[in-house]
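These are my notes from a session of looking things up in a structure I had not seen before. I wrote down each thing I looked for and what I found.

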Amino acid sequence: LVFFTVFTQSAVGAFILLLIGGAMGLIEPRRMAIGLFSVMCLFGVGVVLGTIHVGQPLRALNMLFRVGSSPMSNEIVLSACFAAAGGLGSLGLLLNRGGAMLCKVLVWLAAAIGVVFIFAIPRIYQLATVATWSTSYTTMMMVLTALIGGGMLAALFGVRRLGLLVSVLAILASFCLRPGYISTLMSADGVITAAQSTWFTAQAILLALGVIGAL
């Protein structure tokens with residue numbers, strides 16, 4: 001489930017940044033098309049990995065029956081819509097098939113869906129029974145994940161300056177939020193939070209190295 005969240009959010013973030021970079025003339029159309037299709041493949045990998053946590057795959061369709069009222073159902077539908085629009089649009093641009101204008105409409109539609117998707121994922125974790133999840137920090141950290149991972153991927157696929165700028169700013173924002181985030185987690189469940197102190201430290205070191213590497 002962690003891989004699903006990180007891979008899909010990062011892919012969506014990169015997809016949007018690549019489109020913005022293309023609109024600003026920061027990347028050649030051909031290279032942008034390659035980048036868009038590549039991050040869509042990463043999104044697909046994330047979705048496949050996400051199916052692993054479904055206890056009974058044969059009943060997976062039941063999760064679609066409460067679209068609009070169930071955060072899980074909304075997430076599934078949004079991911080499917082993003083995959084369809086983004087996949088078809090990016091493939092059309094890559095192969096130069098299907099009409100350039102139609103493909104551009106599809107990828108920008110996918111970008112809009114992607115924004116909604118990024119904010120839809122944290123809704124699943126807003127559970128009153130899990131105090132460490134049911135906070136505004138969960139939403140903020142997940143949005144920052146899309147910006148950090150998406151920025152790195154966008155930089156890798158050709159929008160270097162914009163991607164690194166977004167990623168570094170998101171990392172700095174995460175450092176600013178970290179004290180309050182950890183304090184909130186400690187108040188909610190000190191035992192679990194203390195047990196994850198090694199992970200929090202490793203995460204901070206990796207993010208710091210990311211900033212240093214970008215500079």
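How much space lies in the largest pocket? I began there, keeping in mind that this is a predicted model, and I noted about 1,200 Å³ of space for the largest pocket. I then looked up its lining, which has 31 residues, and I wrote down Val 2, Val 6, Thr 145, Trp 199 and Gln 203 as the ones closest to the centre of the pocket.

Next I asked which helices supply at least two residues each to this lining. I listed helix H1 (2–23), helix H5 (136–156), helix H6 (160–188), helix H7 (190–195) and helix H8 (197–214), and I marked H5 as the one that gives the most, with 8 residues. Sorting the lining residues by class, I recorded 18 nonpolar, 12 polar and 1 charged.

I then went to Ser 10, which lies in helix H1. Is Ser 10 buried or exposed? I entered it as buried, because its relative accessible area is 7% and the cut-off for buried is under 20%. Leaving out residues up to four places away in sequence, I found Ser 10 touching Thr 145, Ala 146, Gly 149, Gly 150 and Leu 153.

From there I turned to Met 152, whose place is in helix H5. I put Met 152 down as partly exposed, because its relative accessible area of 32% falls between the cut-offs of 20% and 50%. Apart from its neighbours within four places in sequence, Met 152 is in contact with Gly 163, Leu 164, Ser 167, Ile 171 and Gly 210. I also looked up its separation from Val 107, and the two are 45 residues apart in sequence and 20 Å apart in space, C-alpha to C-alpha.

My following entry concerns a pair of helices. Where I compared helix H2 (residues 29–50) with helix H3 (residues 71–95), I noted that their axes come within 9 Å and cross at roughly 150°, and that the crossing is left-handed. On the H2 side I saw residues including Ala 33, Leu 36, Phe 37 and Met 40, and these belong to a contact that on the H3 side takes in, among them, Phe 82, Gly 86, Ser 90 and Leu 93. By class, I recorded 12 nonpolar, 4 polar and 1 charged residues for the contact of H2 with H3.

I picked out Leu 36, which is found in helix H2, for a further look. I wrote it down as buried, because its relative accessible area is 0%. Not counting residues up to four places away in sequence, Leu 36 touches Phe 15, Leu 18, Leu 19, Ser 90, Leu 93 and Val 107. Leu 36 and Met 72, by contrast, I found 26 Å apart in space, C-alpha to C-alpha, with their positions 36 residues apart in sequence.

I ended with two loop residues. Asn 96 lies in the loop between H3 and helix H4 (100–124), and I noted that it has a positive phi of about 55° although it is not a glycine. I called Asn 96 exposed, because its relative accessible area is 65% and exposed means over 50%. Thr 129 is found in the loop between H4 and H5, and I entered it too as exposed, with a relative accessible area of 74%.

Technical notes: Residues numbered from 1 in each chain as written. Predicted model: local features only at pLDDT ≥ 70, side-chain atom pairs only at ≥ 80, totals over all residues. Heavy atoms only, no water. 1 Å grid on protein atoms, 1.4 Å probe; cavity = no way out; pocket = protein on both sides within 12 Å on 5 of 7 lines; lining within 4 Å. Points joined across faces, edges and corners; volume = space filled by probe spheres on them. Helix = DSSP H or I, 4+ residues; strand = E, 2+ residues; numbered from the N terminus. Nonpolar A, V, L, I, M, F, W, Y, C, P; charged D, E, K, R; others polar. Axes fitted to C-alpha atoms, helices over the stretch in contact; angles between N-to-C directions. Left-handed = near helix turned anticlockwise from the far one by under 90°. Contact = heavy atoms within 4.5 Å. Buried < 20%, exposed > 50% of the residue type's maximum accessible area, 1.4 Å probe, protein only.
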